[in-house]
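Let's take a walk through this model together, one region at a time. Keep the 3D view open as you read.

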Amino acid sequence: MANRLPVDRITTPEGEPSFRTSPGGLVTALEPVMRAADGAWVGWTGSVDDHLEPFEHDGIHIIPVALSADDVELYYEGFSNDTLWPLYHDVIAPPAYHREWWERYVAVNRRFAERAAEIAAEDATVWVQDYQLQLVPRMLRQARPDLTIGFFNHIPFPAYGIFSQLPWRTQIVEGLLGADVIGFQRTADAGNFSRAVRRLLGYQAKGSVIDVPLDDSELASAKHRISAVRPNKPVRTVVARAFPISIDAESYEDLARRPDIQARAKEIREGLGNPDVVMLGVDRLDYTKGIGHRLKAFGELLADGAVDVEDVTLVQVASPSRERVRTYQRLRDEIELQVGRINGDYSTLSHTAISYLHHGYPREEMVALYLAADVMLVTALRDGMNLVAKEYVACRFDNDGVLVLSEFAGAADELKTALRVNPHDIEGLKEAMLTAMRMPRAERSRRMRAMRKRVTENDVERWSSEFLAALAAPSTSLALPAANEATDPTDPSEEAGS
Ligand code: G6P
């Protein structure tokens, strides 16, 4: 279950209904998983009041959930993307807290939970995805105690000092604890969640295991599974730990090896005027991605004369996203002003400083762009994982190309031989760009080889099978609480604001 289906329903310019791959990393990662699985994907088609019957698409069984115009405004654009998204990304933009948005979030989460409860087979496994559906695990457990429920959070989970701003913080944590296994991108995210559980609910959370006391209805329905009468109230154990997500690396490499795609990469470079260096940014147009910081650094390099527009081009793909949310509209204006100024100041008739593209592209074109790029810039201010970084690495079977990677993207925990940057440090970013452009072939190759090993070994198939194995493991059963250990009062991580 995910807010979005793998395909969006669109109307072609000829007025025909059609489908298009949905945006974002969640769909990139889960599409191959679901194509290989004998399950169903429950989600929204991306358009208003789309009351569709279940259907098959590209080997995936699809169960649509309809959202009204009000649902889209209050649950999706409002609570999901103007409250939770900025809050979970370290308040880069200010989150808005509106009770009406929250009420609709609860109602839509209930609708998703009811749909899953209707269609899931006896004892089925339901895997709920991402921040839009955090209340579903508990709702689903209450409706269908026979189910095994997993949850994966694709975006960061913030430190308690930030999370605690949320007026409905306790309900969110309780909602998530309805799952048997809760997955996060980074160990730090899982730690932040466990701390929130201890602070808000006082449950024991040791390592990755959290003891959740059974409520009365659960006790009644589970009685036959509890073997003895014990003085302590029985608990369910919930596992909360990191499962860093990945991509179908092999399919990217297969595309990159295709002669037509390699020819297209060459054509792209020619179209740019055959500069010595092509730098590339690929992002949804989102304020978490640090696009403005990247443009600023590049603009300063041109202004300083450290790089010449005849030699270096930056291609920035910024795919449209959440266009009705005001923060995103403002961001688009800012970025396009910045691009226009830099191009106005530095482009020549034969060379454009920044090729800015406000479109999404098919995967084949993206792979050609990755092959055409000498330097890939991933300068997110905060990012759960950033699969674009992994896509670039997966495509570079020639062991060439330099990845400049923000230390605030989850991918930095894994891709240790990337050129790491703090995107807030514009001087550091400029230096990293210059280092990347000038890096000798032997060093590029050494760094890329190490990253490729990681990405090809830890692909999305491994991610999903590890998560599902954890979900099937017996540690998620009924148990007595571990011997009473109060939370360590001297643990500095327990301080508010940690
Ligand atoms: C991120 C989120 C996904 C989301 C995607 C696209 O990857 O983790 O849950 O689907 O962005 O955003 P959108 O709002 O268009 O679904």
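**A walk through the sheets and the ligand site**

Strand E16 (residues 402–406) runs parallel to E17, and three bridges join the two. One place to see how they line up is Leu405, which sits opposite Arg420 in E17. Zoom out from there and you find an open sheet of six strands with parallel pairing, in the order E14-E13-E12-E15-E16-E17. At its edges stand strand E14 (354–357) and strand E17 (419–421), each of which pairs on one side only. From one strand to the next, the twist of this sheet averages 20°.

A helix belongs to this picture as well. Helix H13 (residues 363–372) lies across strand E12 (277–284), strand E13 (312–319) and strand E15 (375–378). With respect to E12, helix H13 runs at about 145°.

Before going further, a word on confidence. What you are looking at is a predicted model. The chain has a mean pLDDT of 93, and 93% of its residues reach 70 or more. Residues 483–498 are a stretch to treat with care, with a pLDDT below 50, although in the model this stretch makes 21 contacts beyond near neighbours in sequence. Where pLDDT is low, the predicted coordinates should not be read in detail.

Now turn to another sheet. This open sheet has three strands in the order E3-E5-E4, and its pairing is mixed. Strand E3 (40–43) and strand E4 (55–57) are at the edges with a single partner strand each, so one side of each has no neighbour in the sheet. Here the twist averages 35° from one strand to the next. E4 and strand E5 (residues 60–64) pair in the antiparallel sense over three bridges, and Ile60 in E5 is the bridge partner of His57.

Which helix packs on this sheet, touching E3 and E5? That is helix H1 (residues 25–36), whose direction makes about 150° with that of E3. Helix H3 (residues 99–119) also lies across E3 and E5, and runs at about 155° to E3.

Let's finish at the ligand. It is surrounded by 14 residues, and the closest are Arg4, Tyr76, Asp130, Gln132 and Arg322. How far is a polar side-chain atom of Tyr76 from an oxygen atom of the ligand? The distance is 2.5 Å. For Asp130, a polar side-chain atom likewise lies 2.5 Å from an oxygen atom of the ligand. The backbone takes part in the picture too: a polar backbone atom of Gly25 is 3.4 Å from a ligand oxygen atom.

Taken alone, the ligand exposes 380 Å², and the protein buries 94% of that area. The elements that contribute two or more residues to the surrounding shell are H1 and helix H2 (69–88). Helix H1 therefore links two parts of this tour, as it packs on the sheet at E3 and E5 and also gives residues to the ligand shell.

Methods:
Residues numbered from 1 in each chain as written. Predicted model: local features only at pLDDT ≥ 70, side-chain atom pairs only at ≥ 80, totals over all residues. Heavy atoms only, no water. pLDDT = per-residue confidence, 0-100. Contact = heavy atoms within 4.5 Å. Pairing = 2+ DSSP bridges. Helix = DSSP H or I, 4+ residues; strand = E, 2+ residues; numbered from the N terminus. Axes fitted to C-alpha atoms, helices over the stretch in contact; angles between N-to-C directions. Near = heavy atom within 4 Å. Polar contact = N/O pair within 3.5 Å; in protein donor to acceptor, adjacent residues only side chain to side chain. Areas by Shrake-Rupley, 256 points an atom, 1.4 Å probe, with all protein chains shown as cover.
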